[in-house]
Amino acid sequence: MIIICVFTDVFLSPSLIMEKEEFDLLSLPPRNHKRDRLITAKIYIQTYLFTGTMEMCTTHAIYFLYYWKKADMSISQLFFFEGYTERFHGYSQDELNNFNSVGQCVYFVTEVILKWGNILSVRYRTVAASQHGRQSAIAVFVTEAPGIQSLFGTASVPIEFWLISLPLALGIRCMGDIRKLAVRLFPKGPIAKIAW
């Protein structure tokens with residue numbers, strides 16, 4: 001998982017490096033290295049409480065949706081079971097192992113797709129992503145290539161779960177744009193005070 005995350009982050013970074021700067025970036029005073037921190041409480045709020053909570057809830061919901069649709073298992077059955085072993089819910093151990101592998105890959109693919117929405121949302125601090133023109137290859141490679149599947153213990157993700165994630169990524173991007181709009185409309189408001 002660490003190798004996959006390193007690759008997904010490395011391939012996303014050059015796209016951000018090549019972006020045009022924000023319209024007012026060069027007019028801002030330089031950061032005071034003695035007083036100003038690179039990581040602030042505002043960035044933590046944006047990353048963990050705002051975007052992180054949305055991504056966590058969404059990826060878990062898609063994971064449980066997969067189990068409900070493909071294995072007819074509810075959330076409560078997955079949380080409160082005596083043992084995920086042979087004959088659990090009437091499935092063989094191989095079938096349970098396959099559900100587990102595909103479910104984990106559904107979670108991973110959803111997370112990768114949601115990162116697109118997050119990247120589009122945080123490219124600029126105050127300007128909406130929709131005001132500008134202009135990784136899935138790794139997710140496809142890791143989950144669909146037979147040799148890689150055996151190496152990483154992954155499995156093919158049903159196409160419907162790729163497609164379900166796309167509007168959810170758009171939703172994360174829209175939430176980021178709504179946050180930016182609130183900051184622009186109410187620069188002294190409570191959202192602007194905690195917004196990155």
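**Order of elements.** I read the elements of the protein chain from the N terminus on and noted α-α-α-α-α-α-α-α. The count for the chain is 8 helices and 0 strands. I am working from a predicted model.

**Burial.** I looked up how much of the chain is buried. Of the 196 residues in the protein chain, buried residues make up 36%.

**Helix α2.** I checked the length of α2, which covers residues 41-71. With 31 residues at 1.5 Å a residue, a span of 45 Å is expected, and the end C-alpha atoms lie 42 Å apart, which agrees. I then asked where the kink in α2 is centred. I found it at Gly 52, with a bend of about 45°.

**After α2.** I went on to the residue that follows α2, which is Asp 72. Its phi is near 55°, a positive value in a residue other than glycine. I noted the general background: most residues other than glycine have a negative phi. Asp 72 sits in the loop between α2 and α3, the latter being residues 75-79. Is Asp 72 buried or exposed? I have its relative accessibility as 53%, and the cut-off for exposed is over 50%, so Asp 72 counts as exposed.

**His 89.** I looked for a positive phi elsewhere and noted His 89, which is not a glycine and has a phi of about 60°. This residue lies in the loop between α3 and α4. Its relative accessibility is 32%, so I entered His 89 as partly exposed.

**α4 against α7.** I took up the packing of helix α4 (residues 93-122) and helix α7 (residues 159-185). In general, two packed helices are described by the angle between their axes and the distance between the axes. For α4 and α7 I have an angle of about 30° and axes 8 Å apart. Angles under 35 degrees count as roughly parallel, so α4 is roughly parallel to α7. Which hand does the crossing of α4 and α7 have? I recorded the crossing as right-handed.

**Cysteines.** How many disulfides does the structure hold? I found 0. For reference, a disulfide is a covalent bond between the sulfur atoms of two cysteines. I also looked up the accessibility of Cys 105 and found a relative accessible area of 4%. That value is under the 20% cut-off, so Cys 105 is buried. For Cys 174 the relative accessible area is 36%, and I entered Cys 174 as partly exposed.

Methods:
Residues are numbered from 1 along each chain as its sequence is written. This is a predicted model: local features need pLDDT of at least 70, side-chain atom pairs count only at pLDDT 80 or more; totals for chains, interfaces and linings use all residues. Side-chain values use heavy atoms; hydrogens and water are left out. Helices (H or I, at least four residues) and strands (E, at least two) are DSSP runs, numbered from the N terminus. The expected span of a helix is 1.5 Å times one less than its number of residues. The bend at a residue is the angle between axes fitted to the seven residues ending there and the seven starting there. A disulfide is a pair of cysteine sulfur atoms within 2.5 Å. Buried means under 20% relative accessible area, exposed over 50%, partly exposed in between (1.4 Å probe, protein chains only). Axes are lines fitted to C-alpha atoms, for helices over the stretch in contact, and angles run from 0 to 180 degrees between N-to-C directions. Angles under 35 degrees count as roughly parallel, over 145 as roughly antiparallel, 65 to 115 as roughly perpendicular and the rest as oblique. A crossing is left-handed if the near helix is turned anticlockwise from the far one by less than a right angle, and right-handed if clockwise.
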